[in-house]
Amino acid sequence: MTAAVEHDQVYAIAEEVFAAMIDGEPGYLRPWEGDVPVPAEPLVAWVDVRGELAGRAAVTTDVPTAHELTRALLGMAAGEPVGPEDLVDAFGEVANVVGGNVKALLPSQGTLTLPEVATELPVVPGTSLTHELRLDWRGRPVVVVVWLFP
């Protein structure tokens with residue numbers, strides 16, 4: 001996916017996904033300045049692309065930010081409790097839409113797996129990181145990565 005998808009395209013996808021699905025308007029997602037803090041409670045959502053070009057798109061943040069993303073995506077009130085099913089559905093959907101848009105840029109279309117959400121990204125031997133976007137969403141760190149499978 002590295003030659004097929006450019007870094008700027010992945011950033012544009014993330015920016016559009018956040019503007020359309022979460023914020024309702026552009027301008028709340030931008031590059032993170034400086035080192036991204038290590039999340040105390042990490043949460044990662046990902047989808048895999050299977051096909052001629054195979055890989056993974058993942059979105060990582062901390063649990064409180066994932067709760068805020070869920071509230072925004074589901075139209076919940078500020079501070080409203082987020083249940084585990086809503087968290088997995090909403091945060092997974094963010095990864096699903098990012099991954100689907102990355103897949104759409106590939107010269108050969110594969111299939112997209114269902115989104116998964118966990119506290120850490122499972123390791124796939126032989127993979128290589130092709131894109132890492134350190135982003136600032138409303139002052140909160142969000143990292144979008146794209147991996148290429150062997």
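Guide: In this predicted model, a salt bridge is a side-chain nitrogen of Lys or Arg within 4 Å of a carboxyl oxygen of Asp or Glu.

Visitor: How far apart, N to O, are the side chains of arginine 134 and glutamate 132 in their salt bridge?

Guide: Side chains of opposite charge can pair when their charged atoms come close. Arginine 134 counts as partly exposed at 42% relative accessibility, and glutamate 132 is also partly exposed, with a relative accessible area of 34%. Their side chains meet in a salt bridge whose N to O distance is 3.0 Å.

Visitor: Is arginine 71, which forms a salt bridge with glutamate 68, buried or exposed?

Guide: Arginine 71 and glutamate 68 both lie in helix H2, three residues apart, which is about one turn of the helix, and their closest N and O atoms are 2.7 Å apart. Glutamate 68, at 27% relative accessibility, counts as partly exposed. Because buried means under 20% relative accessible area, arginine 71, with its value of 10%, is buried.

Visitor: Which element gives the most residues to the largest nonpolar core?

Guide: In soluble globular proteins, nonpolar side chains tend to be buried together. Here the largest nonpolar core has 31 residues, and Phe18, Val59 and Phe91 are among those with the most contacts inside it. The elements that give two or more residues to this core include helix H3 (84-104), strand S6 (128-137) and helix H1 (7-23). The element that gives the most, with seven residues, is H1.

Technical notes:
Residues numbered from 1 in each chain as written. Predicted model: local features only at pLDDT ≥ 70, side-chain atom pairs only at ≥ 80, totals over all residues. Heavy atoms only, no water. Core = buried A, V, L, I, M, F, W, Y, C linked by side-chain atoms within 4.5 Å. Buried < 20%, exposed > 50% of the residue type's maximum accessible area, 1.4 Å probe, protein only. Helix = DSSP H or I, 4+ residues; strand = E, 2+ residues; numbered from the N terminus.
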